[in-house]
Amino acid sequence: MSQKSTSSLSLPTSNRSCERSHLQPLPPQNTLKPSLSVSHVTLKPHSFLQRTQDFLCSIQFWLIDCTYKNPNAPIEDRVKDLLSRMTLQEKIGQMTQIERSVATPADLKSFSIGSILSAGGSVPFEKALPADWADMVDKFQQAALESRLGIPLIYGIDAVHGNNSVYGATIFPHNVGVGATRDADLAQRIGAATALEVRATGIHYDFAPCVAVCRDPRWGRCFECYSEDTNIVRKMTSIITGLQGKPPADYPKGYPFVAGRNNVIACAKHFVGDGGTEKGINEGNTILSYDDLESIHMAPYLDCISQGVSTIMASYSSWNGRQLHADRFLLTEILKDKLGFKGFVISDWEALDRLTEPRGSNYRYCISTAVNAGIDMVMVPLRYKQFMDDLTFLVESGEVLMSRIDDAVERILRVKFVSGLFEYPFSDRSLLDIVGCKVNIAEISI
């Protein structure tokens, strides 16, 4: 597909059957797949002619073949079908992750935003209960589903020792404490319990686990590490199976996996070498040969990938003076090509801004450098309109190739299909009572 045709906001008539512009959103389906019954369609209160057109369009929506909406179609076929229907603006929207405090229903719908996150301390309101979180996430999701193609968004949170941002949730020890047990089964059970309490709030995506190998205790984030010993960290990556579920024995290597609605999308972080910086300086420089980087700091990612981890977050740190968010060799040639990772790579918070001094001073350069290096989804998280405008310019000017955009969006859509978001976009309210439940905690006890 040419750049010009992909960038256009108009679509061929044959693709309009899958648009949602004339279709009212469906109500949350917490236990069943969306019905094909026309009774679920709500007509707009306009003229009789308009109502008739809307009704016919809604029937067409269900009856005309849309591969990406068929839950029985192969995932890769769904990805390719949906990608072929997307405009450049919609593709860039899917690559954009924004903070909940700046998210509006109108922009989620208009720009087809791919993901929202809650930063540390960013809550619906003080002491918000799990049901309040679910209400908020579902409201955002409803807006996303009203976009032209109805692509659900991913909501992410740092549930790094239990769903620690939610009032009343079960809190577990930090990684350094869990690692001290050397108990891989315990780590897996903690992951499973955390996944349930995250999904109870309507959230789909957990920015965990941190699989850094702390080589200098002066690093202020060493408590996020399971150990200074690579082998122990590798052992504790079993938490990913708890978070996402266990893939079948014959599951394709490197392909993202999420077992079902009681599991979350996991994120191994921070790739790579964040625990090995010189003098333990946070976001510093890891000075190592490639062989040492691979054997000490990259090894845990092999275990994460073998367990079907869906996403990997790049590190703020540098390797031999090269910032990870700008390192195409590590992000693309090693992680994606050599290790075969098929999920998506996400940036850290405002990490692109840190590629220049003063931070963000040449934002287009920051964007082109990171995206071309292999960043697929950008945790913008605030000035998302500028990010989208600048990335659009970079694509239209040829500084970022459309093939790179398509690769990033394919990876994002793959994770969304694998995780069942298209079939079950809303929260499962039956899980609410499990948050902080003594029975759930008892199942994890040593």
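Let me start with a lining. The residues around the second largest cavity split into two nonpolar, four polar and three charged. Keep in mind that this is a predicted model.

Who are these residues? Trp219, Arg221, His270, Asp274 and Asn282 line the second largest cavity, together with Glu283, Ser315, Tyr316 and Ser317. The volume of this second largest cavity comes to about 70 Å³.

How many cavities of 30 Å³ or more does the structure hold? Six.

Now the largest one. Its volume is about 90 Å³. Fifteen is the count to remember here: of the 15 residues that line the largest cavity, Val160, His161, Asn175, Ile190 and Ile239 are the closest to its centre. Which elements give two or more residues to this lining? Three helices do: H7, residues 175–181; H8, residues 184–200; and H10, residues 239–244. Look at the chemistry. The lining of the largest cavity has eleven nonpolar residues, four polar ones and no charged ones. Set that beside the second largest cavity, where three charged residues are part of the lining.

On to the sheet. This one is open, with five strands. Reading across, the order is S4-S3-S2-S1-S11, and the pairing is parallel. Which strands stand at the edges? Strand S4, 205–206, and strand S11, 378–379. Each has a single partner strand, so one side of each is left without a neighbour in the sheet. As a reminder, strands of a sheet pair through backbone hydrogen bonds, either parallel or antiparallel.

Zoom in on one pair. Strand S1 covers residues 96–99, and strand S2 covers residues 115–118. They pair in the parallel sense over three bridges. In that pair, isoleucine 98 stands opposite isoleucine 116 in S2.

A helix sits on this part of the sheet. Helix H6, residues 130–145, lies across S2 and strand S3, which is 154–157. At what angle does H6 run to S3? About 140°.

Last topic, salt bridges. The structure holds 25 of them. Here is one: glutamate 90 with arginine 148. Their closest N and O atoms are 2.7 Å apart. This pair links distant parts of the chain, with the two positions 58 residues apart in numbering. Glutamate 90 belongs to helix H4, residues 88–94. Arginine 148 is in the loop between H6 and S3. That brings us back to H6, the helix that lies across S2 and S3.

Note on methods: Residues are numbered from 1 along each chain as its sequence is written. This is a predicted model: local features need pLDDT of at least 70, side-chain atom pairs count only at pLDDT 80 or more; totals for chains, interfaces and linings use all residues. Side-chain values use heavy atoms; hydrogens and water are left out. On a 1 Å grid over the protein atoms alone, a cavity is a set of points where a 1.4 Å probe fits but cannot get out, and a pocket is an open set with protein on both sides within 12 Å along at least five of seven lines; lining residues have an atom within 4 Å of a point. Grid points are joined across faces, edges and corners, and a volume is the space filled by probe spheres set on the points. Helices (H or I, at least four residues) and strands (E, at least two) are DSSP runs, numbered from the N terminus. Ala, Val, Leu, Ile, Met, Phe, Trp, Tyr, Cys and Pro count as nonpolar, Asp, Glu, Lys and Arg as charged, and the others, Gly among them, as polar. Two strands pair if DSSP finds at least two bridges between them. Contact means heavy atoms within 4.5 Å. Axes are lines fitted to C-alpha atoms, for helices over the stretch in contact, and angles run from 0 to 180 degrees between N-to-C directions. A salt bridge is a side-chain nitrogen of Lys or Arg within 4 Å of a carboxyl oxygen of Asp or Glu.
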